[in-house]
Amino acid sequence: MLQFLQSFFSDGSFIPHGHCYLWKPWLVWIHIASDSLIALVYYSIPVILVYFVKKREDLPFKWIILLFGAFIVSCGTTHIMDVWTLWHPTYWLSAFLKVITALVSLSTAIALLPVIPKAIALPSPAQLETANCQLKLALGELANTQAQLIQTEKMSSLGQLVAGIAHEINNPANFIYGNIAPAHEYVQDLFSLISLYEKYYPCTTPEIHAYAEEIDLDFIKADFPKILSSIKMGSDRIRQIVLSLRNFSRLGEAEIKKVDLHEGIDSTLVILQNRLKAKTNSPAIEVIKEYGDLPKVECYAGQINQVFMHILTNAIDTLEESMVSCQGMISVRTPGVTGKTTDNGQNDKPQIRISTQVVDNNQVMIRFYDNGCGMTEEVKQKMFDPFFTTKSVGSGTGLGMSISYQIIDKHGGQLKCISAPLQGTEFIIQIPIHVKHN
Ligand SMILES: Nc1ncnc2c1ncn2[C@@H]1O[C@H](COP(=O)(O)OP(=O)(O)OP(=O)(O)O)[C@@H](O)[C@H]1O
Ligand SMILES: [Mg+2]
């Protein structure tokens, strides 16, 4: 054994390989340089492969890459051996290394065979990219559907609540309203009767005279009709609110109808009236209506009212916020009726401007402008994304604008937004007057 090992590492009776090249210096050097370079490159490749495998732990067939590395290392070693045997004829050792290289390369080739079909079946980067895009789309659709479901649920319970309240208030309000006219008539009759008594029995008993003085009969005669007209005004207002609530909820109107959009906007404003009024620490929000001559528009009225509601609520939110966080800075930009903007430098009151007009004979355009804080480019980009909100947790769900976008889109229209920080915000809705039937 020892003898075998000695012969393995000894030169034996062989002659160095250089003799074959007749020790021609150029030939020898060319062999040395190219073998060394090949060995160097062969050794560097596995280092890179090991680094790559380490970085991509998830890769399939990692072992085949490592086997390939071992094969390259053994190939490199045979080239080193070729340089060595130029002077040292240890051909047994050289042969042994070649056997190892042959075995490694053979096993790499055999191992590769079953892997190739699997590797071919692997998705290409382009296929992965396509799948990725499809997944992103599906995810977006899922988020939209989820947003729609939540919003539909929210709006349907809100609609039911509003319709319920409107119905309950409607009956007593009608009693009051309906009885005002006869009450007024009866009171007038009674006053006339008292006047007749006063005329034909001027010398009444002192007790009646004292009582008339005590209750200030003349004042009652003058004030009572005023009280009645106040009651009438109040009940008129209740009827108007009830009408607006009904108009807003439009329960059961799931189908397309021809509606007056101005009515929808006005109803929404009535519902939001409380938020538009002056508060202790903030002035009233002025609403400027620049209504054009709009025809009735075919649409899902309840849904379009929702859009008005979302846009107006956001406008009120930003105007309230602008009193606090924009340090009371209200944008100085006010769009004209045409939509062109003018800087007047004086408009420091919170304002919402609503203008409507017909465009291209077949579309209506509704603009909502608020001179609140405006939006940064980043917020503007994400505003229509479901669940995107800049409001504090609990105060905003981030659904309003994404739902509005979908509703307008469903109507075959467009919802655009023009906004910049401290320049206010303008939402422009454009929808066809007649629904396009597919
Ligand atoms: N008129 C506006 N002025 C400034 N920012 C606005 C305006 N309208 C919308 N935004 C921005 O767009 C975001 C998204 O609005 P969206 O109505 O979808 O959600 P939200 O108002 O935050 O929550 P909610 O679902 O309760 O309406 C808001 O958080 C706000 O940052
Ligand atoms: Mg909102």
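**Sheet and ligand shell**

Analyst: In this predicted model, β6 and β7 pair in the antiparallel sense over eight bridges, where two strands count as paired if DSSP finds at least two bridges between them, and helices (H or I, at least four residues) and strands (E, at least two) are DSSP runs numbered from the N terminus.

User: How are residues and chains numbered, and which pLDDT applies?

Analyst: Residues are numbered from 1 along each chain as its sequence is written, while chains are lettered from A and ligands numbered from 1 in the order in which they are written. Local features need pLDDT of at least 70 and side-chain atom pairs count only at pLDDT 80 or more, whereas totals for chains, interfaces and linings use all residues.

User: OK, what sits across from I354, and what about the hairpin?

Analyst: The bridge partner of I354 is F368 in β7, and in the hairpin, which has three residues between β6 and β7, D360 takes a positive phi near 55°.

User: Which sheet is that part of, and what's at the edges?

Analyst: The sheet is open and has five strands in the order β2-β6-β7-β9-β8, with mixed pairing; its edge strands, β2 (286–290) and β8 (414–419), each pair on one side only.

User: How does β2 run against β6?

Analyst: Those two strands run parallel and are joined by five bridges, with V287 standing opposite I352 in β6.

User: And β7 to β9?

Analyst: That pair runs antiparallel, again with eight bridges, and R367 stands opposite I428 in β9.

User: Why is β7 called largely enclosed?

Analyst: Six of its eight residues are buried, so β7 is largely enclosed by the rest of the structure; buried means that 20 or more other C-beta atoms, placed from the backbone, lie within 10 Å of the residue's own.

User: Switching topic, which residues come nearest to ligand 1?

Analyst: Of the 22 residues around ligand 1, N314, T389, G396, G400 and M401 come nearest, where a residue is near if its C-beta atom, placed from the backbone, lies within 6 Å of the molecule. The elements giving two or more residues to this shell are α10 and α12 (400–410).

User: Which gives the most, and what's the class mix?

Analyst: Helix α10 gives the most, with four residues, and by class the shell has eight nonpolar, 12 polar and two charged residues. Here Ala, Val, Leu, Ile, Met, Phe, Trp, Tyr, Cys and Pro count as nonpolar, Asp, Glu, Lys and Arg as charged, and the others, Gly among them, as polar.

Conventions. A residue is buried if 20 or more other C-beta atoms lie within 10 Å of its own, exposed if 12 or fewer, and partly exposed in between; C-beta atoms are placed from the backbone.
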